[in-house]
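Please examine the structure shown here together with its sequence. The explanation after it takes up a metal site, a sheet and the internal cavities in turn.

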Amino acid sequence: MARRLDRRAFLRYAISGLGVAVAGGAIASLSGCDPHARDVGPDDAAEGLQRTGESPNLVLDMRARPDEVQILPGAKTKVWRYEARVLGGDAGSVQPLPSSYLGPLLRFRRGETVRITFTNELPEPTIIHWHGMHVPEHADGHPRLAIDPGESYTYTFRVMNRAGTYWYHPHPHGRTGPQVNAGLAGLIIVEGNEVSTTALPSGAYDVPLVIQDRAFSDDNQLMYAATMETRMLGFSGDTILVNGQPTYVLPVATRPYRLRLLNGSNARIYKLGWSDGRHLDVIATDGGLLERPVSRTTVTLAPGERVEVWVDFSQDPIGAAIILQNLSFAGGDTFPVVQANVVREEQAHAVLPEVLSDLGGYREIDAINREKPRSFTLEMSHMSWQLNGRTFDMHKVAPDEVVRLGDLEVWEFRNDSLRMAMPHPMHVHNVQFQVVGREVLPDFAAQNRGLAEGYVDEGWKDTVLLLPGERVKVLLKFESYEGLYLYHCHNLEHEDAGMMRNYRVQA
Ligand code: C2O
Ligand code: CU
Ligand code: CU
């Protein structure tokens, strides 16, 4: 049984992730995986494309396999990693992240069709999910589609998302946390033709940064504990890795940069701020560019969320070190995340555009259930996290989890679990949504403030953080595809412990 903690201590413990005991060897096992029945498969995908008479513009071969990499000085670390290569087509590319165990950066072009054949070379079932992408049911990586060792699965989809930063990771039932922790994750950049992309830093000045925390044993192996405690709190490590590397240093020139930040951690939330107090100019969220940049002293980034930041080093002297830090909250530590070292002079007369994109948002008044939002209560019961009193069931969909194709709806998430106050980053597959309301119960306002001031609710989102006592309303539209999708908490240990449900889109 987990130790009993008072609420304040519990909360501090939970969101800072400090002091979480780690035990057991690398890649500990959870038992009791459901059998992974398959009711849609590769053939449906291929057929879909054949019916439209198209051939894909980009064909990728991907695999997940065990490997050993140098992360820390000394012994190599056993990891699981994704590899990818282009087999055909030119509507995108595959770019390895230099010296990283992370999967390669996949670049897709909006409007193009992609076919990816994924082979599982791991010793257990897995499946890839394309987080944030609007794809057909067969391509969404639902856990019932997980494939056994040695098997392959083919995804075919059209890239319909806005230009932006997305990512991919495993989604097998009950094993997402340990598989991501073992190294399985990668970034996707969708390229489009938003007006201002030309005005933003590109190429070497457009930098992807994946932030994760890990725990290492004395012999440099990843540790992961599937204990009751981590099921309750999520798993946190004491070593911060950026793009798979500890103490990440980014050499920069005296000019503006575009930083694409992903919180790829299992459970840790970050409160990001620049060491010299300069503001963060946020230009994009999960679903691409904002309408206009917003300026924040700190930005709160929960697991699964992305944020893009403009930063201008043109006023900084050569030799300066400007550090993107995690700032202390809820009793946790301040620690460096990325250190930007100004190493060379460069003139680039770029200014931050005032208008970034046409957000093309929805209006709450157009939602079919605006009078009575569909609501989902996040709570703890019988030592498990639940959504409206239910935990994950591979095939079940409750009547209040069925939506109509084409409908615009309001959903309200309520983090009302007061007995055990925990933050929950809620994620919905298949859609990008807009946050249209956020409230907090008076008791929690003060203790939440430090993180709440760093929310960026202005843009398209697929993951939204709910601190204890918060209620968030989102507008989402179910377009293009019928089928079974998921919504869940993106604290991966909560997800694995069942804080996830199906929802069905039907015509
Ligand atoms: Cu990134 Cu279902 O998750
Ligand atoms: Cu997702
Ligand atoms: Cu949760």
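The paragraphs below lead through a predicted model, beginning at the metal site.

The copper ion (ligand 3) is held by three protein donors: His 424 through ND1, Cys 489 through SG and His 494 through ND1. These donors lie 2.0 to 2.1 Å from the metal. Along the chain, their spacing follows the pattern H-x64-C-x4-H. His 424 belongs to strand β26 (residues 424-428) and His 494 to helix α6 (residues 492-496), so the two histidines tie together parts that are 70 residues apart in sequence. His 424 is buried, its relative accessible area being 0%. For His 494 the relative accessible area is likewise 0%, and this residue is buried.

The next subject is an open sheet. Seven strands form it in the order β12-β11-β10-β14-β19-β16-β17, with mixed pairing. Its edges are β12 and β17 (288-296); each has a single partner strand, so one side of each is left without a neighbour in the sheet.

At the β12 end, β11 (residues 239-242) pairs with β12 (residues 245-246) in the antiparallel sense over two bridges, and Leu 241 has Pro 246 in β12 as its bridge partner. Two residues separate the strands of this hairpin, in which Asn 243 adopts a positive phi near 50°. β11 also pairs with β10 (residues 206-214), again in the antiparallel sense, over four bridges; here Val 242 of β11 is the bridge partner of Ile 211. Side chains alternate along β11: Thr 239 and Leu 241 point one way, Ile 240 and Val 242 the other way, and all are buried.

Further along the sheet, strands β16 (residues 280-285) and β19 (residues 306-312) run antiparallel and are joined by three bridges. Within this pairing, Val 282 has Val 309 in β19 as its bridge partner.

Strand β19 also leads to the internal spaces. The model contains three cavities of 30 Å³ or more, and the largest has a volume of about 70 Å³. Which elements give two or more residues to the lining of the largest cavity? They are β18 (299-301), β19 and β29 (463-466). Among the lining residues are Arg 306, Val 307, Arg 438, Tyr 455, Asp 457 and Lys 461. By character, the lining divides into six nonpolar, one polar and five charged residues. Domain 1 (7-12 + 199-344) and domain 2 (21-32 + 360-506) each supply at least three residues to the lining of this cavity.

How values were computed:
Residues are numbered from 1 along each chain as its sequence is written. Chains are lettered from A and ligands numbered from 1 in the order in which they are written. This is a predicted model: local features need pLDDT of at least 70, side-chain atom pairs count only at pLDDT 80 or more; totals for chains, interfaces and linings use all residues. Side-chain values use heavy atoms; hydrogens and water are left out. Donors are N, O and S atoms within 2.8 Å of the metal (3.2 Å for Na, K and Ca); water is not among the atoms, so sites may look incomplete. Buried means under 20% relative accessible area, exposed over 50%, partly exposed in between (1.4 Å probe, protein chains only). Two strands pair if DSSP finds at least two bridges between them. On a 1 Å grid over the protein atoms alone, a cavity is a set of points where a 1.4 Å probe fits but cannot get out, and a pocket is an open set with protein on both sides within 12 Å along at least five of seven lines; lining residues have an atom within 4 Å of a point. Grid points are joined across faces, edges and corners, and a volume is the space filled by probe spheres set on the points. Ala, Val, Leu, Ile, Met, Phe, Trp, Tyr, Cys and Pro count as nonpolar, Asp, Glu, Lys and Arg as charged, and the others, Gly among them, as polar. Domain bounds come from an automatic or database domain assignment.
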